[in-house]
Amino acid sequence: MGAQARHDRLAELVEPVLAEAGLELEAIEVTPAGKRRLLRVVVDSDDGVDLDSVGEVSQEISAALDGSDAMGKAPYVLEVTSPGVDRPLTLPRHWRRARGRLVRAATADGGEVEGRVADADESGVTLEVDGQNRSYGYSDLGRGKVQVEFRRGTGVDAAD
């Protein structure tokens with residue numbers, strides 16, 4: 001089975017399990033890991049992904065894989081995970097899920113914009129930049145990147 005055929009077969013097995021749990025498949029990766037292979041299934045949802053749902057879905061995916069020949073006979077390790085904060089924002093749903101987050105993206109004119117995602121839909125995104133909302137079509141922006149923000153704890157007395 002070729003790599004694309006394996007990917008498609010795995011997606012066919014995994015997507016119904018994820019849909020039942022209210023999750024979407026973001027990516028499937030199969031990589032060599034010594035004598036085994038690592039099967040990484042990246043999942044996400046508009047409501048985020050919690051550890052309990054990842055644990056439940058992992059068991060269900062494992063059972064679905066055990067009942068199929070999609071991974072062949074060689075041993076593999078299954079990892080179900082959510083996208084990291086460093087995942088680029090490339091699809092409308094990525095931008096939508098970044099609502100309220102500070103992001104930076106290249107602009108089509110060669111510049112760069114940084115702002116907080118105020119809204120996002122299928123046609124574009126609205127960023128709050130310096131207190132003003134600016135709308136961009138997805139064709140106006142390159143890949144977005146969520147910026148990590150550190151907040152100083154409340155109640156910290158700097159004089160101590």
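In which strand is the place of Thr107? Thr107 belongs to strand 4, which comprises residues 102–107, and the legends below describe this and other close-up views of a predicted model.

**View 1. Thr107 and its contacts in strand 4.** With a relative accessible area of 16%, Thr107 is classed as buried, because that value falls under the 20% cut-off used for burial. When residues up to four places away in sequence are not counted, Thr107 touches Glu112, Val113, Asp140 and Leu141.

**View 2. The crossing of helix 1 and helix 2.** Two packed helices are described by the angle between their axes and the distance between the axes. Here the axes of helix 1 (residues 3–20) and helix 2 (residues 51–66) come within 10 Å and cross at roughly 140 degrees, and the crossing in which helix 1 passes helix 2 is right-handed. On the side of helix 1, the contact is made by Leu10, Leu13, Val14, Val17 and Leu18, while helix 2 contributes Val57, Glu60, Ile61, Ala64 and Leu65. Sorted by class, this contact has nine nonpolar residues and one charged residue, with no polar residues.

**View 3. The two sides of helix 2.** At 1.5 Å a residue, the 16 residues of helix 2 should span 22 Å, and the C-alpha atoms at its ends are indeed 22 Å apart, so the expected and modelled spans agree. The buried residues of helix 2 are Ser53, Val54, Val57, Ser58, Ile61 and Leu65. Because these buried residues fall within an arc of 135 degrees when seen down the axis of helix 2, they line one face of the helix. What covers the buried residues of helix 2 includes helix 1, strand 2 (36–44) and strand 3 (76–81). On the other side of helix 2, by contrast, Asp52, Glu56, Gln59, Ala63 and Asp66 are exposed.

**View 4. Arg40 and its contacts in strand 2.** The relative accessible area of Arg40 is 24%, and this residue is therefore partly exposed, since the value lies between the cut-offs of 20% and 50%. Leaving aside residues up to four places away in sequence, Arg40 touches Ala27, Ile28, Glu29, Glu79 and Thr81. The C-alpha atoms of Arg40 and Leu89, which are 49 residues apart along the chain, are separated by 20 Å.

**View 5. The loops on either side of helix 2, with Asp47 and Ala74.** Asp47 is placed in the loop between strand 2 and helix 2, where, at 77% relative accessibility, this residue counts as exposed. The C-alpha atoms of Asp47 and Leu102, 55 residues apart along the chain, have a separation of 18 Å. Ala74 is found in the loop between helix 2 and strand 3 and, with a relative accessible area of 37%, is partly exposed. Between the C-alpha atoms of Ala74 and Asp8, which are 66 residues apart along the chain, the separation is 19 Å.

**View 6. Asp130 in the loop between strand 6 and strand 7.** The loop that holds Asp130 lies between strand 6 (124–129) and strand 7 (132–137). The phi angle of Asp130 is near 50 degrees, which is a positive value in a residue other than glycine. At 73% relative accessibility, Asp130 counts as exposed, because the cut-off for exposure is over 50%.

How values were computed
Residues are numbered from 1 along each chain as its sequence is written. This is a predicted model: local features need pLDDT of at least 70, side-chain atom pairs count only at pLDDT 80 or more; totals for chains, interfaces and linings use all residues. Side-chain values use heavy atoms; hydrogens and water are left out. Axes are lines fitted to C-alpha atoms, for helices over the stretch in contact, and angles run from 0 to 180 degrees between N-to-C directions. Helices (H or I, at least four residues) and strands (E, at least two) are DSSP runs, numbered from the N terminus. A crossing is left-handed if the near helix is turned anticlockwise from the far one by less than a right angle, and right-handed if clockwise. Contact means heavy atoms within 4.5 Å. Ala, Val, Leu, Ile, Met, Phe, Trp, Tyr, Cys and Pro count as nonpolar, Asp, Glu, Lys and Arg as charged, and the others, Gly among them, as polar. The expected span of a helix is 1.5 Å times one less than its number of residues. Buried means under 20% relative accessible area, exposed over 50%, partly exposed in between (1.4 Å probe, protein chains only). The arc is that of the directions from the helix axis to the C-beta atoms.
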